[in-house]
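Let's take a look at this one together and ask how each label is earned. Keep the picture open while you read.

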Amino acid sequence: MTTLHVLEPGLLTTVQDLGRPGRAALGVGRSGAADRFALRLANRLVGNPEDAAALEITGGGVRLRASGAALAALTGAACSVSVRDGGRSVPAVLNAPFSLPGGAELTIGPAGAGLRAYLALRGGIDVPPVLGSRSTDTLSGLGPAPARAGDALKLGTPRTPFHPVDLAPVGPPPTGDLPLRVVPGPRASWLQADGLDVLTSAPYVVRSDSDRVGMRLDGPILRWARAAELPSEGLVPGALQVTPSGTAVLFLADHPVTGGYPVLAVVLEDDVDRAAQARPGQRLLFRAVQAPNL
Amino acid sequence: MRLIPYGDAALLVDLDGLDAVLGLSAALENQLPDGVVDVVPAARTVLLRFDRSRTTAAQVASAVRRLTAAPVEQFGAGQVEIPVVYDGADLAEVGRLTGLGVDGVVEAHAGATWTVAFCGFMPGFGYLVGGDPRLRVPRRADPRTRVPAGSVALADRYTGVYPRPAPGGWQLIGRTERPTWDLDADPPALLRPGVRVRFVPMSTRTP
């Protein structure tokens, strides 16, 4: 059985699958990959089920060694990848499967575009599931601890056939301004009437204290229209909440199950994956679109 | 009941209050609309998250409208007893704030049957309602950085039991040794929406 040894864990590397849905009523969030599209793609490239567990690598800077041969793919953030085997170092291509010979060292360089890279390995990462998922929920502490140097991660036994793919036609995440589609949120009326106009009229900059729970944004102040306290209510990834001081928080995978501040706007589900690739300092451009009809 | 779109993969049901939340939660437990993947009851709302590949906001909305809110008693969530040693750090303060005194607080807290309205804050933390209205107290002005697991506490109209150590601003009135969160149990939470709870006073034991 192949084991992946962590030599350098980088800034934050966690095991992620598609999370643990269906338990929010018990106070358990879904968690899972922040960029679900990239995780699914990485898994497909190595012939795994889309919900297999992979490594979510924040910012790159990771070194790993495989004890035995493995098939791998890296998606999401654009990082340089090289495989060092017996003194020879060979670069690997992103968004395509590549082989890791037994004993080879895999080096994932710093992310040049995007923030979160996904390393899938054939068979998936076989840490014990917690409540049906192997994901690390950084808010509640459920799931395995983030990777540390010296950790050994076992790979599972492949259960689905592998259909060779050369390359997925996916570009790197954008490095410039990032457009995100939003619909009006459930409590837009708690903000001053022009709240959505303010949000969509100027860029909001991703702050460096953003994490898997949410992105803190710098931009024009969004003012509450009333001082009353909102009873806590359910949140989703992509919910854009406004704090009493008027700053915006865009929730990601490890958001709290409920929150007590008004949600002004909600980023469309597909665009939440793109938002999760925004780097500190990058500018978000919110664009209002029509909410679904009920 | 008001249905509000919440992005393109969820909708929020805005209700009159907790009774309506419990009623709709019970109805959803009996008959979950196709494609709904998560239900989040809260104080005045129920959030439904759905899988866009299986349903639409309009289909979920019409399924919710068809549901008749089930009476709370039909919630098949059961009843539990929680033994409590009433010696919390804020017990005297709660006795003063409510005017009930220490004994009066214990009597009121243990004398009512509470119901878990919803969970939140952390896995397995239930917000219990339906107790003695005289026990309504504000959160502490100065939250604690660490409240021990098993602490039984009051805030606003709720009582709750901390399943694990956590920072917290609730008023601590006692503690229980009965675990309320167990990852090896299914479901892992003892106090889940609809469960009815009685607190049973235990005498203080000195080691």
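Q: What makes B:Arg2 and B:Asp14 a salt bridge?
A: In this predicted model, the side chains of B:Arg2 and B:Asp14 come to 3.3 Å, N to O. The cut-off is within 4 Å for a side-chain nitrogen of Lys or Arg and a carboxyl oxygen of Asp or Glu, so the pair passes.

Q: Where in chain B do B:Arg2 and B:Asp14 sit?
A: B:Arg2 belongs to strand 1 (residues 2-5) of chain B, and B:Asp14 to strand 2 (residues 10-14) of chain B. They're twelve residues apart, and the pair links distant parts of the chain.

Q: Is B:Asp14 buried or exposed, and what about B:Arg2?
A: B:Asp14 has a relative accessible area of 10%. Buried means under 20%, so B:Asp14 is buried. B:Arg2, at 47%, counts as partly exposed, because that label covers the values between 20% and 50%.

Q: What does B:Asp14 pair with in chain A?
A: A:Arg187 forms a salt bridge with B:Asp14, and their closest N and O atoms are 3.2 Å apart. That's within 4 Å, so the label fits here too. The count between chain A and chain B is three salt bridges.

Q: How do you know that chain A and chain B touch?
A: Just look at the contacts: 37 residues of chain A meet 42 residues of chain B. Between the two chains, about 3,100 Å² of area is buried, and carbon and sulfur atoms give 62% of it. There are also 13 residue pairs in polar contact across the interface, both residues being at pLDDT 80 or more.

Q: Which parts of chain A supply at least two residues each to the side that touches chain B?
A: These are strand 10 (178-184), strand 13 (233-234), strand 17 (263-267) and helix 3 (269-275) of chain A. By class, that side of chain A has 23 nonpolar, eight polar and six charged residues.

Q: Why is chain A called as compact as a globular protein of its length?
A: First, the parts: chain A has three helices and 18 strands. Its radius of gyration is 20 Å, and the globule rule gives 19 Å for 294 residues. The two values are close, so chain A earns the description. Buried residues make up 55% of chain A.

Q: What makes A:Arg116 and A:Glu56 a salt bridge?
A: Their closest N and O atoms are 3.7 Å apart, which is within 4 Å, so they qualify. A:Arg116 lies in strand 8 (residues 105-121) of chain A and A:Glu56 in strand 3 (residues 54-58) of chain A, so the pair ties together parts that are 60 residues apart in sequence.

Q: Why are A:Arg116 and A:Glu56 called buried?
A: A:Arg116 has a relative accessible area of 4%, and A:Glu56 has 0%. Buried means under 20%, so both get the label. Salt bridges with shared partners join A:Glu56, A:Arg116, A:Arg212 and A:Asp254 into one network.

Q: Why are A:Asp209 and A:Arg207 called partly exposed?
A: A:Asp209 comes in at 38% relative accessible area, and A:Arg207 at 28%. Both values fall between 20% and 50%, so "partly exposed" is the right term. These two also form a salt bridge, their closest N and O atoms being 2.7 Å apart.

Definitions and conventions
Residues numbered from 1 in each chain as written. Chains lettered and ligands numbered in written order. Predicted model: local features only at pLDDT ≥ 70, side-chain atom pairs only at ≥ 80, totals over all residues. Heavy atoms only, no water. Contact = heavy atoms within 4.5 Å. Buried area = accessible area lost by both parts, 1.4 Å probe. Polar contact = N/O pair within 3.5 Å; in protein donor to acceptor, adjacent residues only side chain to side chain. Helix = DSSP H or I, 4+ residues; strand = E, 2+ residues; numbered from the N terminus. Nonpolar A, V, L, I, M, F, W, Y, C, P; charged D, E, K, R; others polar. Rg over C-alpha atoms; globule rule 2.2 N^0.38 Å. Buried < 20%, exposed > 50% of the residue type's maximum accessible area, 1.4 Å probe, protein only.
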